[in-house]
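Hi,

Here is the structure I promised to pass along. Have a look at it first, and then read on for my notes on what turned up.

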Amino acid sequence: MSHLSFEQLLQQEKFSRDDLAKMLTADEENTLKLLARAEEVRLTNVSRNVYLRGLIEISNICSKDCYYCGIRKSNKNTYRYELSSDEILSAAEFAYKNRFGSIVLQGGEITSSRYTEWISTLLKEIKNLSNGELGITLSLGEQSKETYEEWFRLGAHRYLLRIESSDSCLYSSIHPHNNLHSYRNRLHSLGLLKEVGYQVGTGVMIGLPGQTVDQLAGDLLFIKSHDIDMVGMGPYIEHKDTPLYSRRDELAPIEERYLLGLKMVACLRILMSDINIAAVTALQAIKPEGREMAIKAGANVIMPNITPGIWRNVYKLYENKPTISQNDEENLAQLISRITAVGYNVQLDSWGDSLHFKGRK
Ligand code: 5AD
């Protein structure tokens with residue numbers, strides 16, 4: 001057992017699972033110390049910079065059936081869409097003209113050759129319309145090594161694939177039990193992405209039914225031991241058209257999941273000082289200022305949604321996903337001024353690659 005005070009605990013260079021669990025269960029007073037330490041580590045290592053990625057939700061058609069997700073295959077209560085190439089390219093152009101620096105193409109998991117070839121064509125076109133300047137992150141699930149290689153060759157340089165939970169038992173309690181949803185395959189895909197040369201992003205959901213603080217501490221150590229470059233993690237938010245909704249009475253109040261999400265960001269920043277951490281939308285879904293709070297807690301990436309307005313409400317992973325009625329340009333200016341107001345600098349026209357990745361290369 002550690003005899004350290006909370007302050008001493010925070011100053012360590014190495015953190016055990018127990019240390020992290022302590023940090024995640026900090027009371028109000030210690031939470032403030034945790035957040036302050038995370039901010040200090042952030043300023044020394046990744047400065048006040050915040051990078052933008054314009055998020056384009058290209059399709060909500062998915063072959064998977066994850067128990068928590070609103071766009072799971074078996075959910076018959078959602079309208080399925082796939083953006084046209086023109087819609088995607090004009091969103092990319094919007095990001096380029098508004099100096100976002102980079103975009104994320106995110107969608108349900110589809111592995112057909114029609115689909116993977118379509119993505120390849122899009123990658124070429126996006127590189128063309130931006131003179132090769134727009135950075136491209138993909139978030140399109142588990143694919144073959146050949147597909148990952150092809151997309152990398154065509155200019156995608158970052159890939160997000162959340163492990164969802166690093167605890168294989170918890171993982172299997174929130175997914176169907178078959179090959180398509182196997183923990184081992186997911187882990188294997190993360191390895192492939194790294195082999196191919198991507199900057200690799202992963203993440204977990206926080207506050208899942210049956211999840212313990214000890215498992216969350218394990219998630220943080222997983223991210224560290226897999227030498228991950230970028231992380232997006234946020235509170236689990238129940239969706240009524242999913243199987244996991246039946247376990248909603250096991251959940252902590254949403255405010256607690258929100259706070260735990262912020263603490264996870266702070267702990268991760270302390271644990272991995274030079275990675276990219278996203279201030280995720282799920283935090284904003286709970287509190288309007290959620291993303292700014294995550295930035296203060298150590299996050300340095302923000303992913304404004306630039307999916308064409310009519311489709312944005314249909315890509316519903318969870319309930320109360322923020323929907324934006326104002327036009328995007330006005331919104332971007334507001335976002336920048338909100339980030340500036342909390343003391344951080346939005347870096348336009350920049351890929352904002354993870355410093356960790358540069359060190360790892
Ligand atoms: N609550 C919070 N996050 C969710 N995701 C999917 N469903 C939910 C939910 N109900 C997250 C998963 C997935 C990412 C795209 O969205 O972590 O990887």
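Let me begin with helix 2, whose buried residues pack against helix 1 (6-10), helix 3, helix 9 (213-225) and helix 10 (254-271). Please keep in mind throughout that this is a predicted model. Helix 2 itself covers residues 17-24, and its buried members are D19, L20, A21, M23 and L24. As a reminder on helices, an α-helix has 3.6 residues a turn, so residues three or four places apart point the same way.

One of the partners, helix 9, holds L216. L216 is buried, at a relative accessible area of 1%. Setting aside neighbours within four places in sequence, its contacts are L24, M205, I206, Q211, L260 and M264. L24 in that list is also one of the buried residues of helix 2. Between the C-alpha atoms of L216 and V204 there are 8.5 Å, with the two residues 12 apart along the chain.

Now for the ligand, which I expect you will want to open first.

Which residues are around the ligand? They are Y68, C69, Q106, R162, E164, M205, P235, Y236, I237, L317 and Y318. Sorted by class, that shell comes to 8 nonpolar, 1 polar and 2 charged residues. M205 belongs to the shell and is also among the contacts of L216.

Three N or O pairings with the ligand are worth displaying:

- The side chain of E164 places an N or O atom 2.5 Å from an oxygen atom of the ligand.
- I237 uses its backbone, with an N or O atom 2.7 Å from a nitrogen atom of the ligand.
- L317 also has a backbone N or O atom facing a ligand nitrogen, at 3.5 Å.

On its own the ligand would expose 400 Å², and the protein buries 89% of that.

Q106, from the ligand shell, deserves a closer look. Q106 sits in strand 3, which runs over residues 102-107. Is Q106 buried or exposed? Its relative accessible area is 17%, and because the cut-off for buried is under 20%, Q106 counts as buried. The side chain of Q106 makes a polar contact with the side chain of Y315, at 3.4 Å. Beyond its neighbours within four places in sequence, Q106 is in contact with L55, I56, E57, I58, S59, S139, L140 and Y315.

Moving along the chain, V314 lies in the loop between helix 13 (309-312) and helix 14 (328-341). Although V314 is in a loop, it counts as buried at 18% relative accessibility. Apart from neighbours within four places in sequence, V314 is in contact with N60, T78, Y79 and Y81. V314 and Y81 are 233 residues apart in sequence, yet 8.1 Å apart in space from C-alpha to C-alpha.

For K240, the setting is the loop between strand 9 (234-235) and helix 10. Leaving out neighbours within four places in sequence, K240 is in contact with Y245 and E319. From K240 to E82 the sequence separation is 158 residues, and the C-alpha atoms are 23 Å apart.

How many disulfides does a search of the whole structure find? The count is 0. For C62, the closest cysteine sulfur is in C66 at 6.4 Å, which is too far for a bond because a disulfide needs the sulfur atoms within 2.5 Å. C62 is buried, with a relative accessible area of 15%. C267 is buried as well, at 0%.

Finally, two backbone details for your geometry checks. S47 has a positive phi, near 60 degrees, and is a residue other than glycine. S47 lies in the loop between helix 3 (28-46) and strand 1 (49-52), and is partly exposed, with a relative accessible area of 29%. R99 is not a glycine either, and has a positive phi of about 65 degrees. R99 is found in the loop between helix 4 (85-97) and strand 3. With a relative accessible area of 41%, R99 is partly exposed too.

Happy browsing, and all the best!

Notes. Residues are numbered from 1 along each chain as its sequence is written. This is a predicted model: local features need pLDDT of at least 70, side-chain atom pairs count only at pLDDT 80 or more; totals for chains, interfaces and linings use all residues. Side-chain values use heavy atoms; hydrogens and water are left out. A residue is near a molecule or strand if one of its heavy atoms lies within 4 Å of it. A polar contact is a pair of N or O atoms within 3.5 Å; within protein, one must be able to donate a hydrogen and the other to accept it, and residues adjacent in sequence count only if both atoms are side-chain atoms. Accessible areas come from the Shrake-Rupley method with a 1.4 Å probe; for residues, only the protein chains shown count as cover. Ala, Val, Leu, Ile, Met, Phe, Trp, Tyr, Cys and Pro count as nonpolar, Asp, Glu, Lys and Arg as charged, and the others, Gly among them, as polar. Buried means under 20% relative accessible area, exposed over 50%, partly exposed in between (1.4 Å probe, protein chains only). Helices (H or I, at least four residues) and strands (E, at least two) are DSSP runs, numbered from the N terminus. Contact means heavy atoms within 4.5 Å.
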